[in-house]
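Got the model open in your viewer? Let's walk through it one selection at a time.

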Amino acid sequence: AKDPISAQALLDRMEVQYTDGYHIKPDTYSYNTVISAWAFSDHERAAEIAETIFDRMETSQIKLDTTTFNTLLSAWARKKESNAAERATDILHHMFAVKKSGQYDVRPSAQSFGIVMNAWAKSTEPRKAYRAKRLLMEMKERSASNGKHLKPNSFIYSSVLNACAFSTGNYHNKGEALTIAIETFRDCTNRNDVVYGSFFKACNKLMDYDDIRRIPLIETSFAQCIKDGQVSEFVLHELHSCLPSQVYANLLGCAQDDILSVRDVPRLWSRNVTIR
């Protein structure tokens, strides 16, 4: 349903009719559809309204499922207000509480965590890199006891790196974000091109241009990116943005004014890039 107002009006009518004795009771799909309509609308209070639908489900003991929670998380992740990421984090933890109660078949997943991490990445919170890293650590702890479905994947690691790259605030905040970015990058054992590109973006935004660690760190990481066959257009774009033109030219064996694309480098360099 693309029109959230019409979708909610239909749900309201179904609820009234069921109360009046009709046998068509709104089910999980009915409520999820309306939550989704609000979640992906441009209404300024979409997240709050979506949550009122969620509250009606809980009050009426309509079966909650993973889609219910993930769609509500998406509603808050799309919201730009300062409290949105915090609210998404609270909903994620409520999701675990519902799972633990056993009342409904709710299964928090890597996607659930990823949505919340993206909410932090888009927030204005100065320590958003720290909050994203905390979620990563929580995932690792939960995956150790609750199964491999919560094991962080490359999407999760790139979400943390993205939160680092767009960190703002004072020198201390950016220094913390840089430390988290380096630790997160090194901790990721299954890097794809998005992880590499997000790390280069973080280095570019968080390291001073004259930082003596900058060029060696990027050169070493790019060498590993080549070895992993993960050189994509995104990687090359971020690499060009974060290196002096002469260093970029020396690293890629091109003229100083060149800006290379994937078709200009050996195919072996991009052999493992997933086409999206």
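Start by selecting Arg213, which is partly exposed, with a relative accessible area of 45%. For the cut-offs, buried means under 20% relative accessible area, exposed means over 50%, and partly exposed is in between (1.4 Å probe, protein chains only). Now add Asp211: the side chains of Arg213 and Asp211 meet in a salt bridge, 2.8 Å from N to O. A salt bridge here is a side-chain nitrogen of Lys or Arg within 4 Å of a carboxyl oxygen of Asp or Glu. Asp211 itself is buried, at 18% relative accessible area.

A quick word on ground rules: this is a predicted model, where local features need pLDDT of at least 70, side-chain atom pairs count only at pLDDT 80 or more, and totals for chains, interfaces and linings use all residues. Residues are numbered from 1 along each chain as its sequence is written, and side-chain values use heavy atoms, with hydrogens and water left out.

Zoom out and show the chain as a cartoon. What does the secondary structure come to? You should find 13 helices and zero strands. Helices (H or I, at least four residues) and strands (E, at least two) are DSSP runs, numbered from the N terminus. Along its principal axes, the C-alpha trace spans about 75 × 35 × 35 Å. Of the 276 residues in the chain, buried ones make up 50%.

Back to the charges. The structure holds 14 salt bridges. Side chains of opposite charge can pair when their charged atoms come close. Next, select Glu183 and Lys133, which form one of these bridges, with the closest N and O atoms 3.4 Å apart. Glu183 lies in helix α9 (residues 171–187) and Lys133 in helix α7 (residues 128–146), so this pair ties together parts that are 50 residues apart in sequence. Which end of the pair is buried, and which is partly exposed? Lys133 is the buried one, at 14% relative accessible area, while Glu183 is partly exposed at 42%.

Stay on α7 and pick Arg142 and Glu138. Their side chains meet in a salt bridge, 2.9 Å from N to O. The two sit four residues apart in helix α7, so about one helical turn separates them. Arg142 counts as partly exposed at 22% relative accessibility, and Glu138 is buried at 14%.

Then select Asp12, Glu15 and Arg56 together: they are linked in a network of salt bridges. Keep Asp12 highlighted and add Gly147, in the loop between α7 and α8 (154–165). Gly147 is partly exposed, with a relative accessible area of 28%. Try a distance label between the two: Gly147 and Asp12 are 135 residues apart in sequence and 39 Å apart in space, C-alpha to C-alpha.

For another pair, select Gln230 and Asp193. They are 37 residues apart in sequence and 4.8 Å apart in space, C-alpha to C-alpha. Gln230 lies in the loop between α11 (214–228) and α12 (233–242), and counts as buried at 8% relative accessibility.

Now the cysteines. How many disulfides does the structure hold? Zero, where a disulfide would be a pair of cysteine sulfur atoms within 2.5 Å. The sulfur of Cys225 is 11 Å from the closest cysteine sulfur, in Cys242, which is too far for a bond. Cys254 is in no disulfide either; the nearest cysteine sulfur, again that of Cys242, is 14 Å away. Both Cys225, at 0% relative accessible area, and Cys254, at 17%, are buried.

Next stop: Gln61, in the loop between α3 (46–59) and α4 (66–77). Check the backbone, where phi is near 55 degrees, a positive value in a residue other than glycine. Most residues other than glycine have a negative phi. Gln61 counts as exposed, at 58% relative accessibility.

Finish at Asp264, in the segment after α13 (245–252). Asp264 counts as partly exposed at 44% relative accessibility. Add Glu233, Asp257 and Asp258 to the selection, and you have the four residues that gather in a patch of negative charge on the surface. Such patches are made of residues with over 30% relative accessible area and no salt bridge, with like charges joined within 9 Å.

Note on methods: Patch = residues over 30% accessible without salt bridge, like charges linked within 9 Å, V, L, I, M, F, W, Y side chains within 5 Å. Areas by Shrake-Rupley, 256 points an atom, 1.4 Å probe, with all protein chains shown as cover. Lys, Arg positive; Asp, Glu negative; His and termini not counted. Charge placed at Lys NZ, Arg CZ, Asp CG, Glu CD.
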